[in-house]
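Here are a few exercises to work through with the model open beside you. Take each task on its own before reading the solution.

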Amino acid sequence: MRVLVVYGTRWGTTAEYAKVIADVFCDEFGFKTTLADLKKWKGELDDYDGVVLGTSIVIGRWTFRAWRFSQRDFKSIPVAVFVSSMQAGEENGEAAAVEDYIMSKIKGSMKKNMISARAFGGVITRFGHCLLY
């Protein structure tokens with residue numbers, strides 16, 4: 001099985017989550033994975049059996065490239081979506097973040113083909129120190 005794990009990140013946390021997800025698909029399940037930042041990815045969805053899309057959330061918004069990618073025609077390709085947001089890191093915040101930043105925003109073939117939606121806590125770092133999860 002070939003899985004595309006793509007992400008839009010602002011400060012790197014979403015990229016870290018995407019790498020862990022790609023590694024699990026490869027190491028634990030033996031899937032052939034492609035990990036790509038949406039700033040650089042130029043491939044075709046037809047080359048994959050599944051897609052994982054991740055985006056950071058800032059002031060309630062996806063990254064532009066992740067949002068644009070979500071508008072593609074996924075045909076019958078299964079799609080999983082994750083966000084990294086500060087809200088998800090709060091107690092009982094994951095369900096609210098999934099509703100606020102995924103379920104209420106996606107449309108079209110992505111929504112029809114979605115098999116999973118998850119939210120992970122964001123990270124704020126300044127001067128090399130982690131200040132908040």
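Helices, counted from the N terminus, are DSSP runs of H or I with at least four residues, and strands are runs of E with at least two. Keep in mind that this model is predicted.

**Exercise 1. Find the order of the strands in the sheet, and explain why two of them have a free side.**

Solution. Start with the order: the five strands of this open sheet run 2-1-3-4-5, with parallel pairing. Next, look at the ends of that order. Strand 2 (32–37) and strand 5 (114–121) are the edge strands, and each has a single partner, so one side of each lacks a neighbour in the sheet. From one strand to the next, the twist averages 15°. Now zoom in on one pairing: strand 1 (residues 2–8) and strand 2 are parallel and joined by six bridges. Within strand 2, Ala36 is the residue opposite Val6.

**Exercise 2. Place helix 1 and helix 3 against the strands.**

Solution. Begin with helix 1, which lies across strands 1, 2, 3 (50–56), 4 (79–85) and 5 and makes an angle of about 170° with strand 1. Then turn to helix 3 (residues 93–103): this helix lies across strand 4 and strand 5, at about 120° to strand 5.

**Exercise 3. Trace Phe29 through its aromatic pair and its surface patch.**

Solution. The structure has eight aromatic pairs. One of them joins Phe25 and Phe29, with centres 6.4 Å apart and planes at 50°, a tilted arrangement. Both residues belong to helix 1, four residues apart, or about one turn. Phe29 also joins Val20 and Val24 in a nonpolar surface patch, with about 280 Å² of accessible area together. Val20, too, sits in helix 1 (residues 13–29).

How values were computed: Residues numbered from 1 in each chain as written. Predicted model: local features only at pLDDT ≥ 70, side-chain atom pairs only at ≥ 80, totals over all residues. Heavy atoms only, no water. Patch = residues over 30% accessible without salt bridge, like charges linked within 9 Å, V, L, I, M, F, W, Y side chains within 5 Å. Areas by Shrake-Rupley, 256 points an atom, 1.4 Å probe, with all protein chains shown as cover. Salt bridge = Lys/Arg side-chain N within 4 Å of Asp/Glu carboxyl O. Pairing = 2+ DSSP bridges. Axes fitted to C-alpha atoms, helices over the stretch in contact; angles between N-to-C directions. Contact = heavy atoms within 4.5 Å. Phe/Tyr/Trp six-rings, centres within 6.5 Å; stacked < 30°, edge-to-face > 60°.
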